[in-house]
Amino acid sequence: MTTRREGRELALQALYSKDLVTQDPSTTLKRIIESFGEGEDPTLSANSKAYAFASELVSGVAGHLQEIDGRIAEKSKHWSMARMARVDLNILRLAVFELLYRPDIPKNVTMNEAIEVAKKFGADDSASFVNGILDEIASSVTDKE
């Protein structure tokens, strides 16, 4: 697994946890590392590249949440955000943040990574759901606005 994939998965866990417990997602990310990373897997230490990337994603999503959620709501036909599975919604949030604010990551990489993470963490239809909404959003984003 790549460092960025690990980072995306950590960020997803932190954002999902934030939806369940009212807590800053950066604090949640630190707790995830403390509980599951250090000691067992040195690639998931608080000093790792995966953690650094996850931290960037979590901070970015938190800092632009209103705009990100607006884009998702605009493109999710027949699905209110309240009805979306929390895992799917947070995968979308991460990917939309990358599409809008990470010009160093190609659109197709962002989309493929989101789909793979959805396959791993979501329900059976999560990957196609995420793909459909991201395709709509990506087509409206001019080369990394």
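A residue counts as buried when its relative accessible area is under 20%, as exposed when that value is over 50%, and as partly exposed in between. With this in hand, a tour of the structure, which is a predicted model, can start at W79. At 34% relative accessibility, W79 falls between the two limits and therefore counts as partly exposed.

W79 also takes part in ring contacts. A search of the whole structure finds two aromatic pairs. One of them joins W79 and F129 in an edge-to-face arrangement, with 5.4 Å from centre to centre and 70 degrees between the planes. This pair links distant parts of the chain: W79 belongs to the loop between α4 and α5, F129 belongs to helix α7, and 50 residues separate them. F129 has a relative accessible area of 16%, so this partner is buried. W79 has a charged neighbour too, for the charged end of R83 sits over its ring, 4.3 Å from the centre. Elsewhere, R4 lies over the face of F53, at 4.9 Å from the ring centre.

Helix α4, residues 65–75, contains I68. Because its relative accessible area is 0%, I68 is buried. Leaving aside residues up to four places away in sequence, I68 touches G60, V61, R93, V96 and F97. The C-alpha atoms of I68 and A95 lie 9.4 Å apart in space, although the two are 27 residues apart in sequence.

Helix α1 allows a simple check of length. At 1.5 Å a residue, its 18 residues should span 26 Å, and the end C-alpha atoms are indeed 26 Å apart, so the two values agree. The buried residues of α1 include R5, E6, L10 and L15.

Notes:
Residues numbered from 1 in each chain as written. Predicted model: local features only at pLDDT ≥ 70, side-chain atom pairs only at ≥ 80, totals over all residues. Heavy atoms only, no water. Helix = DSSP H or I, 4+ residues; strand = E, 2+ residues; numbered from the N terminus. Buried < 20%, exposed > 50% of the residue type's maximum accessible area, 1.4 Å probe, protein only. Contact = heavy atoms within 4.5 Å. Expected span 1.5 Å × (residues − 1). Phe/Tyr/Trp six-rings, centres within 6.5 Å; stacked < 30°, edge-to-face > 60°. Lys NZ or Arg CZ within 6 Å of the ring centre and 35° of its normal.
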